[in-house]
Protein chains: 2
Amino acid sequence: MTAQSDRSKIRRLPDRGSYDQATIYDILDEALICHVGFVDDAGLPVVIPTIHARVGNVLYLHGSPASRMLRSLRAGRQVSVAATILDGLVLAKSQFHHSMNYRSVVVFGSAREVKDEDEKALAFQAIVEHLVPGRSEGSRPANDKETKATAVAAIDIEEASAKQRSGPPVDDDADIELPYWAGVIPLTLAPGEPESTGTVSPPDHVGEWKSRR
Amino acid sequence: MTAQSDRSKIRRLPDRGSYDQATIYDILDEALICHVGFVDDAGLPVVIPTIHARVGNVLYLHGSPASRMLRSLRAGRQVSVAATILDGLVLAKSQFHHSMNYRSVVVFGSAREVKDEDEKALAFQAIVEHLVPGRSEGSRPANDKETKATAVAAIDIEEASAKQRSGPPVDDDADIELPYWAGVIPLTLAPGEPESTGTVSPPDHVGEWKSRR
């Protein structure tokens with residue numbers, strides 16, 4: 001990951017921005033999904049949600065070899081990947097200062113198709129562990145047929161920036177005495193009770209699943 | 001919103017796809033944020049998370065006039081907007097059949113800058129109400145200076161598709177007897193206790209906030 005060019009420079013509210021690698025990796029690791037943007041053959045933008053996993057400075061995506069996203073990423077195309085975690089609704093006395101608490105990352109990089117079977121297996125394990133730590137040992141790994149039927153793209157992270165906001169709303173002094181409520185409604189992606197299919201009881205990695213933060 | 005072209009055609013798992021307008025609008029309305037993709041001046045894709053609101057067949061986005069996103073959308077550029085709601089982790093006995101329960105929409109359209117002050121006011125109200133129903137009456141609307149300091153983009157939804165998955169994992173028959181747990185961990189974006197700034201008690205629209213579904 002190199003220093004940022006103009007492409008990933010944070011222009012707005014730079015105090016909310018960061019190029020710190022650990023911060024960027026933490027957000028990528030906590031976000032369950034990302035949104036991948038690429039330019040299609042007609043030159044038009046396309047954004048697709050998908051599951052990802054990070055291994056070192058590489059993001060792995062996977063899917064059907066027939067999917068538009070995987071077909072496009074095969075070609076070594078440039079991509080932008082955003083991962084966003086919502087932490088709260090920030091309600092100020094003025095609508096102008098309403099905001100959200102969040103942590104987000106925008107990555108720029110180029111994609112390559114992963115053909116090596118060992119790297120594919122590594123990507124599969126990373127994706128399963130990314131969603132549910134411990135799950136890779138609690139399920140059957142992909143066999144040869146399944147591995148062949150799954151396309152994997154690797155995105156080398158060339159540039160990335162993080163942006164985050166936390167804390168209470170910040171109103172203008174002139175608004176402080178207005179009779180409106182101001183504050184934060186915290187938000188968490190919360191797990192419900194596991195719903196079993198079959199008779200096996202939920203193992204620890206399922207019963208104890210929680211958002212990673 | 002017109003019939004889909006090749007651009008928005010759902011190729012993979014078409015049984016999970018839909019072009020139903022009510023379904024598409026419901027998902028856009030429930031998702032608190034979206035991810036906007038556009039092609040920058042260098043021809044490269046950029047994806048940015050942002051708050052949106054839908055009014056009829058138009059998506060409104062807003063931000064600083066200096067932000068890259070708003071500067072880009074001013075120019076009438078083509079955009080792709082994705083909104084995704086996570087409903088659960090789907091854990092099968094085989095890693096191959098792991099999945100997520102989700103509802104997502106991908107929109108294609110062209111952006112225009114909103115300059116008319118009445119339309120800007122309508123967009124601001126829609127955005128505030130989108131995040132917290134009832135909030136537009138519980139806060140101070142934007143004054144002239146704030147309105148001038150906020151850029152608004154309107155995206156006319158030209159094409160859109162929805163994709164969703166729900167229900168338990170579906171394993172191959174050969175895997176049903178494996179000793180692994182299979183099932184769903186439901187996920188909800190859940191509000192915590194409101195954190196007040198100042199002495200006003202949380203009104204109903206704050207205390208009763210919940211994800212819209």
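Student: What phi does A:Gly43 take in the hairpin of S2(A) and S3(A), and how many residues lie between the strands?
Tutor: Five residues lie between S2(A) and S3(A), and A:Gly43 in this hairpin takes a positive phi near 85°. The strands are DSSP runs, numbered from the N terminus (E, at least two residues; for helices, H or I, at least four). The model is predicted: local features need pLDDT of at least 70, side-chain atom pairs count only at pLDDT 80 or more, and totals for chains, interfaces and linings use all residues. Residues are numbered from 1 along each chain as its sequence is written, while chains are lettered from A and ligands numbered from 1 in the order in which they are written.

Student: Why are S2(A) and S3(A) called paired?
Tutor: Two strands pair if DSSP finds at least two bridges between them. Seven bridges join strand S2 (residues 33-39) of chain A to S3(A), so the criterion is met. The two strands run antiparallel, and A:Ile33 stands opposite A:Ile51 in S3(A).

Student: What makes S4(A) a partner of S3(A) as well?
Tutor: S3(A) and strand S4 (residues 58-63) of chain A share four bridges in the antiparallel sense, so they too count as paired. In this pairing A:Val55 has A:Val58 of S4(A) as its bridge partner. The hairpin has two residues between the strands, and A:Gly56 takes a positive phi near 60° there.

Student: Why is S3(A) described as largely enclosed?
Tutor: A residue is buried if 20 or more other C-beta atoms, placed from the backbone, lie within 10 Å of its own; it is exposed at 12 or fewer and partly exposed in between. Nine of the eleven residues of S3(A) are buried, so the rest of the structure largely encloses this strand. For chain A as a whole, buried residues make up 42% of the 213 residues.

Student: Why is B:Arg165 called partly exposed?
Tutor: B:Arg165 has 16 other C-beta atoms within 10 Å, and therefore it falls between the buried and exposed limits. This residue is found in strand S7 of chain B. Two residues are in contact if their C-beta atoms lie within 7 Å, and among the residues that B:Arg165 touches are B:Arg16, B:Ser99 and B:Tyr102.

Student: How do you know that the buried residues of H1(A) lie on the same side of the helix?
Tutor: The buried residues of helix H1 (residues 21-30) of chain A are A:Ile24, A:Ile27 and A:Leu28. They cover an arc of only 100° around the axis, which means that they share one side of H1(A); the arc is that of the directions from the helix axis to the C-beta atoms. These residues pack against strand S3 (45-55), strand S5 (78-91), strand S6 (99-114) and strand S7 (151-165) of chain A. In chain B, the buried residues of helix H1 are B:Ile24, B:Ile27 and B:Leu28, and B:Val105 touches each of these three.

Student: Which residues have the most contacts inside the largest nonpolar core, and what makes it a core?
Tutor: A nonpolar core is a set of buried Ala, Val, Leu, Ile, Met, Phe, Trp, Tyr and Cys residues joined through C-beta atoms within 7 Å. The largest has 114 residues, and those with the most contacts inside it are A:Val81, A:Val105, A:Ala153, B:Val81, B:Val105 and B:Ala153. In soluble globular proteins, nonpolar side chains tend to be buried together.

Student: How do you know that the two copies are related as by a two-fold rotation axis?
Tutor: A rotation of 180° with 0.0 Å of shift along its axis superposes chain B on chain A, with an RMSD of 0.0 Å. The fit is by least squares on the C-alpha atoms of residues with pLDDT of at least 70 in both copies. The copies are thus related as by a two-fold axis. B:Leu189 comes closest to the axis of the residues of chain B, at 2.2 Å (C-alpha).

Student: Why can one say that the copies meet through the same surface?
Tutor: 100% of the interface residues of chain B are also interface residues in chain A, so the same surface serves both copies. In this interface, 78 residues of chain B are in contact with 78 residues of chain A. Strand S8 (residues 183-191) of chain A and S9(B) run antiparallel and are joined by two bridges, with B:Glu195 as the bridge partner of A:Val184.

Note on methods. Lists of a residue's contacts leave out its neighbours within four places in sequence.
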